[in-house]
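These are my notes on the model, set out as numbered points. Please read them with the structure open.

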Amino acid sequence: MAPILECVNVTKSYARGNFFSRVAPMPVLTGVDFVLNEGESVGLLGKNGCGKSTLSRLILGLEAPDDGHIRYRGMSTKKMTREAARRFRKEVQVVFQDSHSAVNGRQKISHILAEPLKNFYGLKGEALRERVAALLETVGLSAESAEKDPHQFSGGQLQRICIARALATDPSLLVLDESVNSLDMAVQAQTLELLTKLRAERQLSCILISHDLRAVFHLCDRVMVMANGVIAEELDRKNGHEAGTHPVYKELLHAIQNRAGRQKAA
């Protein structure tokens with residue numbers, strides 16, 4: 001399999017203090033290395049504050065690394081031509097955790113889904129309406145949903161709409177940044193099943209960023225444990241839940257086991 005994404009010694013720090021009080025920058029990523037192959041799904045697992053979301057912003061091109069390289073299909077995101085950058089924005093899409101913040105509450109769903117279709121394909125009129133309807137049906141919602149407002153949907157339904165918007169450009173790589181963590185257990189399971197189905201149908205490469213071990217093992221082929229600004233451990237899902245040895249992994253596994261025990265007792 002050919003690599004679709006490569007992170008090579010990626011570092012990132014953030015300034016602290018103000019004009020009157022200079023403080024040394026706070027390192028968040030201190031040398032991240034990994035490769036994502038075409039059609040592969042990788043989970044980036046770690047505790048809050050470990051740098052997972054910072055890495056996702058760098059991968060998406062929303063921020064630039066201080067040092068190191070992020071390569072998409074062999075091309076550094078620092079050196080992309082205008083045409084390559086446009087292709088990158090089309091082929092690399094994201095679904096964020098908070099679906100309510102990710103959409104404009106004043107726009108109808110038809111407008112939210114139509115925007116990328118207009119920008120990248122120039123669709124309009126009946127062709128645009130048909131494509132919007134098809135996207136909604138792809139994520140298990142009716143075509144009539146297009147004329148509703150975001151507040152008329154549950155959190156799980158709105159997250160499906162965000163997934164539909166991400167699929168509008170026919171992406172090759174989907175970044176899921178804590179995108180199921182805010183949903184209740186039943187809706188989370190349904191959303192993961194949907195993502196698993198879409199991944200297989202569309203041959204998507206995926207990065208699932210999470211601290212939820214169950215979600216990561218459900219969707220992903222490999223699991224990367226992040227700690228202290230680096231990838232501290234890498235696991236293959238085939239080895240099972242018990243294979244991890246890093247303290248962060250063990251702590252997250254223990255939390256899942258405790259939660260399962262409480263649910264069984266209830």
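1. Strand β3 (residues 41–45) is joined to strand β9 (residues 222–227) by four bridges, and the two run parallel. Within this pairing, G43 stands opposite V223 in β9. Please bear in mind that this is a predicted model, and that this applies to every point below.

2. β3 also pairs with strand β8 (residues 205–210), again in the parallel sense, over five bridges. Here G43 faces L208 of β8. G43 therefore has a partner in β8, L208, as well as one in β9, V223.

3. How much of β3 is buried? Five of its five residues are, and the strand is described as mostly covered. In a regular strand, side chains alternate between the two faces of the sheet. For β3, S41, G43 and L45 lie on one side, V42 and L44 lie on the other, and all of them are buried. Both faces of the strand are thus covered.

4. V216 belongs to helix α8 (residues 213–219). Is V216 buried or exposed? It counts as buried because its relative accessible area is 0%, against a cut-off of under 20%. Apart from neighbours within four places in sequence, V216 is in contact with G43 and L45, and also with L208, S210 and V223. G43 and L45 sit on one side of β3. L208 and V223 are the residues that stand opposite G43, in β8 and in β9. As a distance check, the C-alpha atoms of V216 and I109 are 29 Å apart, with the two positions 107 residues apart in sequence numbering.

5. A separate group of four strands forms an open sheet in the order β2-β1-β4-β5, with antiparallel pairing. Its edge strands are β2 (21–37) and β5 (75–76), each of which pairs on one side only.

6. Within that sheet, strand β1 (residues 3–18) and β2 pair in the antiparallel sense over 12 bridges. G17 stands opposite R22 in β2, and C7 stands opposite F34 in β2. Five bridges join β1 to strand β4 (residues 67–72), also antiparallel. In β4 the bridge partner of C7 is I70, so that C7 is matched with F34 in β2 and with I70 in β4.

7. The largest nonpolar core has 50 residues. Which of them touch the most other members? They are L136, I161, I163, L174 and Y249. Helix α6 (residues 155–167) gives the most to this core, with seven residues. Leaving out residues up to four places away in sequence, I163 touches V95, V139 and T191, together with L194, L195 and L198. There is also a second, separate core of 29 residues, which includes V32, L55, I70 and I209. One of these, I70, is the β4 bridge partner of C7.

8. Rolling a probe the size of a water molecule over the atoms shows where empty space is left. The largest pocket has a volume of about 680 Å³. Of its 31 lining residues, the closest to its centre are L62, R89, V92, Q93 and V94. By class, the lining has 19 nonpolar, seven polar and five charged residues.

9. Which helix or strand gives the most to the lining of the largest pocket? α4 does, with five residues. At least two lining residues come from each of α1 (52–60), α2 (82–91), β6 (92–95), α4 (109–121) and α6. Helix α6 also gives the most to the largest nonpolar core.

10. Two backbone values are worth a look. Most residues other than glycine have a negative phi. Phi of D170 is near 55°, a positive value, and phi of E178 is likewise near 55°. D170 is in the loop between α6 and β7 (173–177), whereas E178 is in the loop between β7 and α7 (185–202). D170 counts as partly exposed because its relative accessibility is 41%. E178, at 7% relative accessible area, is buried.

How values were computed
Residues are numbered from 1 along each chain as its sequence is written. This is a predicted model: local features need pLDDT of at least 70, side-chain atom pairs count only at pLDDT 80 or more; totals for chains, interfaces and linings use all residues. Side-chain values use heavy atoms; hydrogens and water are left out. A nonpolar core is a set of buried Ala, Val, Leu, Ile, Met, Phe, Trp, Tyr and Cys residues joined through side-chain atoms within 4.5 Å. Buried means under 20% relative accessible area, exposed over 50%, partly exposed in between (1.4 Å probe, protein chains only). Contact means heavy atoms within 4.5 Å. Two strands pair if DSSP finds at least two bridges between them. On a 1 Å grid over the protein atoms alone, a cavity is a set of points where a 1.4 Å probe fits but cannot get out, and a pocket is an open set with protein on both sides within 12 Å along at least five of seven lines; lining residues have an atom within 4 Å of a point. Grid points are joined across faces, edges and corners, and a volume is the space filled by probe spheres set on the points. Ala, Val, Leu, Ile, Met, Phe, Trp, Tyr, Cys and Pro count as nonpolar, Asp, Glu, Lys and Arg as charged, and the others, Gly among them, as polar.
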